[in-house]
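Welcome to this short tour. Take a look at the structure below, and then we can walk through some of its features together, topic by topic.

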Amino acid sequence: MPELPEVEHFRQILLPLVDCKGSENRSKKGSGILLECPPPLPTKRFPSQEVIELINRGCYVMTDVLRKGKVLCVILEKRGASPSATKTNQGGQGTRKTNTKLQSKKSSDDDAMIPMTGNEPTLYLSLHMGMTGRISSPNNVPGLESLSGDDAYPPPHTHMILKGSNGKEAAFSDPRRFGSVLVDVCRSSGDVAYEGSIPTFEDIAHDALAASIAYCATEKTSKGAGSDMGQPSIVEQLINRRKGIKGLLLDQRAVVSGVGNWVADEVLYRACIHPDQSFLNMMEAEKIVKELHHVLSMAVTCLVNGDGFPSEWLFHRRWRNGGGGGHAKDFYGKTITFIQSGGRSTALVPSAQKHMSRKSLGQAKKSSITASEKSSGKKKCPDDEQVSKARPKQKAKKRAANTATKPITVGKAANGSSISSISVARGQKRKDLALPRSHTQPTRRSKRRVKNTDFYA
């Protein structure tokens with residue numbers, strides 16, 4: 001399944017179709033972008049033939065290609081319309097307008113939901129790759145692990161070909177048809193940033209690459225403080241969560257979007273954290289964010305340049321062995337095992353990624369202190385020694401607080417009367433009661449109260 005690095009590579013393939021002449025070219029009349037959809041069209045989550053014809057006749061030009069997580073959005077502006085002010089940003093979360101009503105098309109049977117006439121100044125063409133979707137051009141046909149090495153253009157199972165006004169083109173192909181192409185009408189004012197008015201961007205969390213870059217850039221100055229909007233940082237959202245860390249990273253609406261199965265395994269492998277680990281502390285969360293930044297940035301650079309991923313990455317072994325029963329080895333010769341974590345098949349190295357049982361953030365803080373002490377080789381500070389010495393005293397105080405009287409069953413009296421009970425202080429000795437040895441043993445079966453209260457008077 002294409003993840004953030006692959007989708008960012010697809011965005012780079014679409015960028016040459018962008019009209020670089022800007023408003024000067026858009027003010028002139030002429031042919032715009034053309035969408036060619038070879039039959040048969042997908043029946044779900046794909047624009048109908050009527051919507052495609054309206055776009056082709058509307059003289060739209062491609063002005064930008066945005067990405068958030070695994071979702072791409074092609075910005076189409078009508079030629080001759082006044083360009084709206086935009087704030088382009090690779091990934092990232094835009095300003096959301098709650099009062100802006102946008103209707104998105106989710107299938108070819110929902111054309112009535114979009115009051116589209118072909119005269120709209122701005123349209124959003126959102127693409128999601130699904131399991132096997134990809135964007136290719138005549139000079140660049142990316143390969144995927146889930147697909148065969150066919151580099152012909154257009155690739156098999158091509159559903160849409162985008163031809164730009166500058167003569168360049170790109171194709172969207174999806175053999176398994178789990179991907180989607182949605183058309184949305186922009187109804188926001190001209191001064192609203194694109195990211196805030198795109199419906200397909202609203203329901204997912206912050207872009208993983210943009211969020212990790214922003215955190216690492218401000219780490220030295222703000223030490224992980226919240227963003228300018230007063231929202232918690234990515235590290236603060238990872239701390240003390242009950243859900244396992246891999247399941248948290250795979251959830252596109254929880255903390256970050258764009259992280260998939262192999263990216264999550266690679267990040268956790270480099271951070272030496274078990275995929276099912278919960279209740280992370282600050283040190284572990286910061287390590288994950290830094291490794292997330294490193295893995296995503298390196299993967300995007302390698303894909304754009306046509307280079308392979310670093311040889312020490314777990315990526316090469318996890319695909320080659322595919323869960324080979326513990327016989328796989330990482331770059332350093334350590335055994336790789338495969339488990340189910342976050343609902344997905346997960347590769348990990350047990351000798352480096354150990355699971356620690358925790359119930360709260362307090363235990364996570366304790367483990368972080370011991371880990372830092374082991375790494376630094378320093379002894380405990382005097383405050384820690386005082387805390388360790390105070391623990392036996394606290395237990396003694398608890399025992400002293402429980403010395404309240406407690407009813408126990410005594411048994412039959414000497415005169416043969418019924419079973420009685422007496423309140424005896426916890427810790428009181430048998431000789432102080434002046435009772436036989438057998439009468440001092442409490443029984444759990446009988447808990448009836450004594451009717452003869454003058455027995456021990």
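A good place to start is an open sheet of 3 strands, in the order β11-β12-β13, with antiparallel pairing. Please keep in mind that this is a predicted model. After the sheet, we turn to charged pairs and then to a patch on the surface.

**The sheet**

- The edges of this sheet are formed by β11 (328-329) and β13, each of which pairs on one side only.
- Strand β12 (residues 335-341) and β13 run antiparallel and are joined by 5 bridges.
- To find one of these contacts on screen, look for isoleucine 339, whose bridge partner in β13 is threonine 346.
- As general background, strands of a sheet pair through backbone hydrogen bonds, either parallel or antiparallel.

**Salt bridges**

- Side chains of opposite charge can pair when their charged atoms come close.
- How many salt bridges does a search of the whole structure find? The search finds 9.
- One of them brings together the side chains of glutamate 36 and lysine 163, with 3.0 Å from N to O.
- This pair links distant parts of the chain, as glutamate 36 sits in strand β1 (residues 34-36) and lysine 163 in strand β6 (residues 158-163), 127 residues apart.
- Glutamate 36 is partly exposed, with a relative accessible area of 34%, and lysine 163 also counts as partly exposed, at 26%.
- Another salt bridge connects aspartate 251 with lysine 243, where the closest N and O atoms are 3.7 Å apart.
- Aspartate 251 has a relative accessible area of 29%, so it counts as partly exposed, and lysine 243 is partly exposed as well, at 43%.

**A buried pair and a network**

- Arginine 358 and glutamate 284 form a salt bridge too, their closest N and O atoms being 2.8 Å apart.
- Arginine 358 lies in the loop between β13 (344-348) and α12 (361-376), while glutamate 284 belongs to helix α10 (residues 282-305), so this salt bridge ties together parts that are 74 residues apart in sequence.
- Are arginine 358 and glutamate 284 buried or exposed? Both residues are buried.
- Elsewhere, Glu8, Arg11, Arg67 and Asp207 are joined into one network by salt bridges that share partners.

**A nonpolar patch**

- On the surface, Met1, Met131 and Phe178 form a nonpolar patch, and together they have about 260 Å² of accessible area.
- Phenylalanine 178, a member of this patch, is located in the loop between β7 (169-173) and β8 (180-185).

Technical notes:
Residues numbered from 1 in each chain as written. Predicted model: local features only at pLDDT ≥ 70, side-chain atom pairs only at ≥ 80, totals over all residues. Heavy atoms only, no water. Salt bridge = Lys/Arg side-chain N within 4 Å of Asp/Glu carboxyl O. Helix = DSSP H or I, 4+ residues; strand = E, 2+ residues; numbered from the N terminus. Buried < 20%, exposed > 50% of the residue type's maximum accessible area, 1.4 Å probe, protein only. Patch = residues over 30% accessible without salt bridge, like charges linked within 9 Å, V, L, I, M, F, W, Y side chains within 5 Å. Areas by Shrake-Rupley, 256 points an atom, 1.4 Å probe, with all protein chains shown as cover. Pairing = 2+ DSSP bridges.
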